[in-house]
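I opened this notebook to keep track of what I looked up, going from helix packing to the contact between chains.

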Amino acid sequence: MSIDESHANPRRATSMRTPLGRVRNLGASHSGTNDFWRQRLTAVAMILMIVPVIIVVMMMLGRNHAAAAQILGSPIVAIVLLLFIVSSVMHMKIGMQVILEDYVHNEKLKLASIMANNFFCAVVALASAYAIFKLSSGV
Amino acid sequence: MTARIDRPLSPHLQTYRWTLTMALSIAHRVTGVALYTGTLLLAWWLIAAASGPAAYSYVLAFTSSFLGKLIVFGFTWALFHHALSGVRHLVWDLGYGFGPAEREWLTWAALIGGIALTVIVWVAAYAMGGGR
């Protein structure tokens, strides 16, 4: 029972907050403004880039490896793809984290899966960026 | 471990009639997860391209197979649907489109637009000589 409850109307319901939440002086969790803003920022970035990216993918059709590698390695294409990769990885990391926080209730499993999410996103980002750098001539 | 206080859970799926916005909300999440897993395919494609013709031939074999085309088709739809549904969310974030008619219209537009864009892009891809 918190201090205010001892003075409260006896017909009021007892607090639903966990003891830990009260000790930490936390309110409702869920996403703070940092994630909210980053999600919108990366979303807008990707909306702006989606047409060029679709065009690049379409340019791959019917092309052999040499032609595809040359297109992917050219400066403008490489830069756009890198920007898209960075935006999409940030966006998907935040999105997946929200899903994990919503459905995983075991604290240890939640921490492990959020870490795994972070690692997955980092690996995908770095591996794709590496590939693009390697395709760009001279790196 | 924190003491688990049994909070009352409201029955939702068993009780509420499915609305369009409800269905598309979960579709937004599901397409998001699909795209998340699909990035593995994208990374594979790029790494194979960077590794040489032998590695790239596997990618080409996959994308020309029926299963590969099905997966890429699904991925395309997931991308367009999630993007248009996301635009819908951005409109709502700005405070517009909450009225009953507007939100239905926005939601239908996202759903139909996603399907339409997928079909258009795939028809164009076949016309450009893909899928051989």
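**Entry 1: a helix pair in chain A.** I began with helix H4 (residues 65–73) of chain A and helix H5 (residues 75–103) of chain A, whose axes come within 5 Å and cross at roughly 70°. Because angles of 65 to 115 degrees count as roughly perpendicular, I entered H4(A) and H5(A) as roughly perpendicular to each other. I then listed who makes the contact: Ile71(A), Leu72(A) and Gly73(A) come from H4(A), while H5(A) brings Pro75(A), Val77(A), Ala78(A) and Leu81(A). Sorted by class, the residues of this contact are 6 nonpolar and 1 polar, with no charged residue. I note here that the model is a predicted one.

**Entry 2: a helix pair in chain B.** I next looked up helix H1 (residues 20–51) of chain B and helix H2 (residues 53–64) of chain B, and found that their axes come within 7 Å and cross at roughly 140°. Since only angles over 145 count as roughly antiparallel, H1(B) and H2(B) are therefore recorded as oblique to each other. On the H1(B) side I wrote down Leu41(B), Trp44(B), Trp45(B), Ala48(B), Ala49(B) and Ser51(B), and on the H2(B) side Ala55(B), Tyr56(B), Tyr58(B), Val59(B) and Phe62(B). The residues of the contact of H1(B) with H2(B) split into 10 nonpolar and 1 polar, and none is charged.

**Entry 3: the contact between the chains.** I turned to the interface, where chain B contributes 38 residues and chain A contributes 42 residues. The two chains bury about 3200 Å² between them, and 76% of that lies on carbon and sulfur atoms. Which three residues supply the most of the area that chain B buries against chain A? I found Arg29(B), Tyr36(B) and Leu46(B), which together supply 21% of it.

**Entry 4: polar pairs across the interface.** I counted 6 residue pairs in polar contact between chain B and chain A, with both residues at pLDDT 80 or more. The salt-bridge rule finds 2 across this interface, against a count of 3 over all chains. In one salt bridge the side chains of Asp102(A) and Arg29(B) meet at 2.7 Å, N to O. I also looked up Arg40(A), which forms a salt bridge with Asp93(B), the closest N and O atoms being 2.5 Å apart. This pair crosses between chains, running from helix H3 (residues 33–60) of chain A to helix H3 of chain B.

**Entry 5: the chain B side.** For the salt bridges and polar contacts I had counts, and I then asked which helices of chain B each supply at least two residues of the side that touches chain A. They are H1, H2, helix H3 (66–93) and helix H4 (100–127). H1(B) gives the most, with 13 residues. By class, I recorded this side of chain B as 27 nonpolar, 6 polar and 5 charged residues.

Methods. Residues numbered from 1 in each chain as written. Chains lettered and ligands numbered in written order. Heavy atoms only, no water. Axes fitted to C-alpha atoms, helices over the stretch in contact; angles between N-to-C directions. Helix = DSSP H or I, 4+ residues; strand = E, 2+ residues; numbered from the N terminus. Parallel < 35°, antiparallel > 145°, perpendicular 65-115°, else oblique. Contact = heavy atoms within 4.5 Å. Nonpolar A, V, L, I, M, F, W, Y, C, P; charged D, E, K, R; others polar. Buried area = accessible area lost by both parts, 1.4 Å probe. Salt bridge = Lys/Arg side-chain N within 4 Å of Asp/Glu carboxyl O. Polar contact = N/O pair within 3.5 Å; in protein donor to acceptor, adjacent residues only side chain to side chain.
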